[in-house]
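I opened the notebook to record what I looked up in this model, entry by entry, beginning with a strand pairing and moving on from there.

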Amino acid sequence: MTEPILLTSAQVASFVARGFLRFDAAVPADINAQFMAEAGRAPEPVEGGRFFDVQASVMASSRIPEVPAGTPLSEAYPPGSALARLLDLPRVKGAIRSLLGEAPVFDHHFLHVTYPPRFHAAAAHENVSQHTHQDSTVDPRPQAFDVQMMYYPHAVTRAMGGTRFIPGTHLRKVSEVALGRYQNMVGQQHMVCDAGTLLFLHHGIWHGGGVNLSDDTRYMFKVRMHASGSQKRQWDLSDLPQRNAQRPIFFVKTPPERGSVETILTTPEPWFEQDTGRLEYVNRVKLWRYLADDPAYDADYWLTRLEHA
Amino acid sequence: MTLRQKVLVLYLKNSALDSPVLGWAVYDGTGETLHMAGDADAPPYATGLAALRDGWRLIQASQLLPHARGEELDLSYLKYEFFFEQLVEVGP
């Protein structure tokens, strides 16, 4: 057992604003190697074979356990397994604790394997990227959120088509792949990373798997988890100001303070529409109020302006 | 003469056709090109008007709808969607 390294207020504010936190090469090489040995391997394709059979072979050879939904996350993986060791890393424990509170609950996991062109050619299967989508189904919860941890156990190049996601889309209420028509958005990111990189995502973020145009099979492991209790004030609060003072807005002569919660919550994404970008700020402030347990909090008067009588 | 349709979908910064492109999709009915999610990080045109000037025909624009009472702050799909087409001759 290790002590968690909790997130800072700025990190949590960034998660509220952008819907993700990225930790590059956070998992040591020995755990990555152990995971790859346990995950299951894809056999080389057979000409005329069925594409489904390849994925079935991966599943059949995998030593990652089937885990019932609703299992305490701490009981999901056998002690000593790569995933148990990964979840015990101080930074991983701290990120999960900071976002979900104590005793998080396992929802589901999946090994996403993205195959290079020869696999698709052998099975006469079209090699295309995954449509952009939001996971699960339309989620009417106003503030509470689940976390999806994406684990990249080996280095991912651009040609391998790592996960594509659009920062800041997580607060929009949409229905899974109904938005599949949005092929590209300005500001989209593709996961190009070192081995052992972790991406913690708000469940609502728009994302999809990229097309693999390399010669190598790509593996990514996802774990979805949710809170069992309060998500409020679970991070390292030592850098959290007691009460934010409103600052001058619009007519300002100096740049905003970098790294403050207010600046983070009011920094736009490149894809923001002119009018609804302001509503994004409103919804970020609402989520921050919830997490900070501070119903009077505001950033740059966006909600106060709508609330005073 | 056989015609095939190319479709361009642009998502703009506001309802004005000359506002910047924020998102896009291309579907090529000729089969000459295949476009897919994540295949480009820069938009094909700076604005909707630039697409018009390049020969794309506007065939549909999203409506401006009033906000439902009580849901004024809720966000969902992108608002400013414009469909364009080109009709292209293909071989016999």
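**Entry: a small sheet in chain A.** I looked up strand β4 (residues 164–165) of chain A and found that two bridges join it to β6(A), the two strands running antiparallel. I noted the register as well: R164(A) has H190(A) as its bridge partner in β6(A). I keep in mind throughout that this is a predicted model. Following the sheet outward, I found three strands in an open sheet with the order β6-β4-β8 (chain A), and the pairing is antiparallel. β6 (189–190) and β8 (207–208) of chain A are at the edges with a single partner strand each, so one side of each has no neighbour in the sheet.

**Entry: the two domains of chain A.** I then asked how chain A is divided, and found domain 1 (9–226) and domain 2 (238–307). I recorded 30 Å between the centres of domain 1 of chain A and domain 2 of chain A, taken over C-alpha atoms. To the contact between them, domain 1 of chain A brings 15 residues and domain 2 of chain A brings 18 residues. On the side of domain 1 of chain A that touches domain 2 of chain A, helix α1 (residues 9–18) of chain A gives the most, with seven residues. By class, I noted for that side of domain 1 of chain A 10 nonpolar, five polar and no charged residues.

**Entry: the largest nonpolar core.** Which of the 84 residues in the largest nonpolar core touch the most other members? I wrote down V16(A), F200(A), L265(A), W288(A) and L10(B). Helix α8 (residues 276–292) of chain A provides the largest share of this core, seven residues. Domain 1 (9–226) and domain 2 (238–307) of chain A both contribute residues to this core, so it lies between them. As background I added that in soluble globular proteins nonpolar side chains tend to be buried together. I picked L265(A) for a closer look and, leaving aside its neighbours within four places in sequence, listed its contacts as A13(A), V16(A), A17(A), Y281(A), R284(A), V285(A), W288(A) and A299(A).

**Entry: chain B by itself.** I counted one helix and four strands in chain B, and from the N terminus on its elements run β-β-α-β-β. The radius of gyration of chain B is 15 Å, well over the 12 Å that the globule rule gives for 92 residues, so chain B is more spread out than a compact globule. Along its principal axes, the C-alpha trace of chain B spans about 55 × 25 × 20 Å. I also noted that buried residues make up 21% of the 92 residues in chain B. Among contacts in chain B between residues at least 6 apart in sequence, 67% join residues at least 24 apart.

For the strand pairing in chain B, I found that 10 bridges join β1(B) to strand β4 (residues 81–90) of chain B, and that these strands run antiparallel; Y11(B) stands opposite E81(B) in β4(B). β1(B) also pairs with β2(B) in the antiparallel sense, over seven bridges, with V7(B) opposite Y27(B) in β2(B).

**Entry: where the chains meet.** I looked up the contact between the chains, in which 24 residues of chain B are in contact with 31 residues of chain A. The elements giving two or more residues to the side of chain B that touches chain A are β1 (2–12) and β2 (21–28) of chain B, and β2(B) gives the most, with four residues. By class, this side of chain B has 14 nonpolar, five polar and five charged residues. There is strand pairing across the chains too: strand β5 (residues 184–185) of chain A and β2(B) pair in the antiparallel sense over two bridges, and M185(A) stands opposite G23(B) in β2(B).

**Entry: two positive phi values.** I noted A25(A), a residue other than glycine with a positive phi near 45°, in the loop between β1 (20–23) and α2 (29–39) of chain A. Is A25(A) exposed or partly exposed? With 15 other C-beta atoms within 10 Å, A25(A) is partly exposed. I noted D293(A) likewise, with a positive phi near 55° in a residue other than glycine; D293(A) lies in the loop between α8 and α9 (304–307) of chain A and is exposed, with 11 other C-beta atoms within 10 Å.

Conventions: Residues numbered from 1 in each chain as written. Chains lettered and ligands numbered in written order. Predicted model: local features only at pLDDT ≥ 70, side-chain atom pairs only at ≥ 80, totals over all residues. Contact = placed C-beta atoms within 7 Å. Nonpolar A, V, L, I, M, F, W, Y, C, P; charged D, E, K, R; others polar. Pairing = 2+ DSSP bridges. Domains from an automatic or database assignment. Rg over C-alpha atoms; globule rule 2.2 N^0.38 Å. Buried ≥ 20, exposed ≤ 12 C-beta atoms within 10 Å, placed from the backbone. Core = buried A, V, L, I, M, F, W, Y, C linked by C-beta atoms within 7 Å.
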